[in-house]
Structure formats: structure tokens, C-alpha cells
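Open the model in your viewer and keep the sequence beside it. The stops below each give a selection and what is found there.

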Amino acid sequence: MTTVGPDGHWTAQAACGAGKVAPDTLFVEGAAQRDARSVCQSCVVRLECLADALDSGADFGVWGGMTERERRALRRRRPEVESWRAELVGVEPAGVLQALAR
Ligand code: SF4
């Protein structure tokens, strides 16, 4: 299932969107990102966010509940993945866990 807002894009449902958190909350550096990612724990569009960040190569900040370092490590572990959206969005939870754990 893909979660979208009235405008048809997942960002409308973001737990960090539209003034819900301070703009720089997710763009801290280093170890502070581990605390910052708590914002993502209840986010209903976490997988969409993570997939877009991985597919677009977003290098800075927390996206989809993962730090920069975690996303880099994931991309290194799974260099064969051409579409993280296909790997993560609309996939059964067990499949998501497998995709992230490989
Ligand atoms: S997963 Fe985190 S960074 Fe992504 S939209 Fe949700 S709260 Fe924002």
C-alpha cells in the first residue's frame, strides 16, 4: 500500500512536514542523527521517504528513519538494487525486513 496525501504525494503525510518539527531537526550531523531519527518512528510514509532518499542518492540528513551512514551502508550492501521503491513500497513487512537486512 502506498500512502499519499490529497495532493497525491506521500510528503503530505510526513511526520516531519508542514511545521510539525523544526526545519533543521533532521539535518543535524554525526551522532545527533541517531536521536533525530526518532521523529520517523511514527511516520506513516517512512518507507516511501526511505525509498526516495535511496533512489535519489540523498546524502545529507535523516530520511526514512535512517542516518546518512546507515543509508550509505545499505547501498553498499545492496549495490544490485535499481529501485528501492520497488524493494520497499507496497511490499509485505517481511519483504521489507529482508530487503533491509540482506
Ligand atoms: S520518515 Fe522521517 S524524514 Fe521521512 S517523511 Fe517521515 S518523518 Fe520525515
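A helix here is a DSSP run of H or I with at least four residues, numbered from the N terminus. By that rule, E48 belongs to helix α2. The model is a predicted one, which applies to every stop that follows.

**Whole chain**

Show the whole protein as a cartoon. There are five helices and zero strands, in the order α-α-α-α-α along the sequence. The radius of gyration is 13 Å, close to the 13 Å that the globule rule gives for 102 residues, so the protein is as compact as a globular protein of that length. Along the principal axes, the C-alpha atoms fill a box of roughly 35 × 35 × 20 Å. Of the 102 residues, 24% count as buried. Among contacts between residues at least 6 apart in sequence, 54% join residues at least 24 apart.

**Helix α2**

Select residues 46–56, which form α2. Which residues of this helix are buried? They are R46, L47, E48, C49, L50, A51 and L54. Now add α3 (68–77), α4 (84–88) and α5 (93–101), which are included in what covers those buried residues.

Stay on E48 for a moment. Is E48 buried or exposed? The cut-off for a buried residue is 20 or more other C-beta atoms within 10 Å. E48 has 23 such atoms, so it is buried. For a distance check, pick E48 and P79: their C-alpha atoms are 19 Å apart in space, with the two positions 31 residues apart in sequence numbering.

At the end of the helix, select G57, which follows α2 and has a positive phi, near 75 degrees.

**The nonpolar core**

Next, select C49, L50, A51 and L88. These have the most contacts inside the largest nonpolar core, a set of 18 residues. Both α2 and α4 supply at least two residues of this core, and α2 gives the most, with five. In soluble globular proteins, nonpolar side chains tend to be buried together.

Centre the view on L88. Leaving aside neighbours within four places in sequence, L88 is in contact with L47, L50, A51, V96 and A99.

**Around the ligand**

Show the ligand and the 14 residues around it. Which of them come nearest? Those are A14, C16, C40, C43 and C49. C49 is thus a residue to keep selected, as it is also among those with the most contacts inside the core. By class, the shell around the ligand holds eleven nonpolar, two polar and one charged residues.

**Two exposed residues**

Select Q41, in the loop between α1 (32–36) and α2. The cut-off for an exposed residue is 12 or fewer other C-beta atoms within 10 Å. Q41 has 9, so it is exposed. Between the C-alpha atoms of Q41 and E68 the distance is 16 Å, and the two residues are 27 apart in sequence.

Finally, go to A18, in the segment before α1. With 8 C-beta neighbours inside 10 Å, A18 also counts as exposed. What is the phi of A18? The angle is near 45 degrees, a positive value in a residue other than glycine. Most residues other than glycine have a negative phi.

Definitions and conventions. Residues are numbered from 1 along each chain as its sequence is written. This is a predicted model: local features need pLDDT of at least 70, side-chain atom pairs count only at pLDDT 80 or more; totals for chains, interfaces and linings use all residues. Two residues are in contact if their C-beta atoms, placed from the backbone, lie within 7 Å. A residue is near a molecule or strand if its C-beta atom, placed from the backbone, lies within 6 Å of it. Ala, Val, Leu, Ile, Met, Phe, Trp, Tyr, Cys and Pro count as nonpolar, Asp, Glu, Lys and Arg as charged, and the others, Gly among them, as polar. The radius of gyration is taken over C-alpha atoms; the globule rule is 2.2 Å times the number of residues to the power 0.38. A nonpolar core is a set of buried Ala, Val, Leu, Ile, Met, Phe, Trp, Tyr and Cys residues joined through C-beta atoms within 7 Å.
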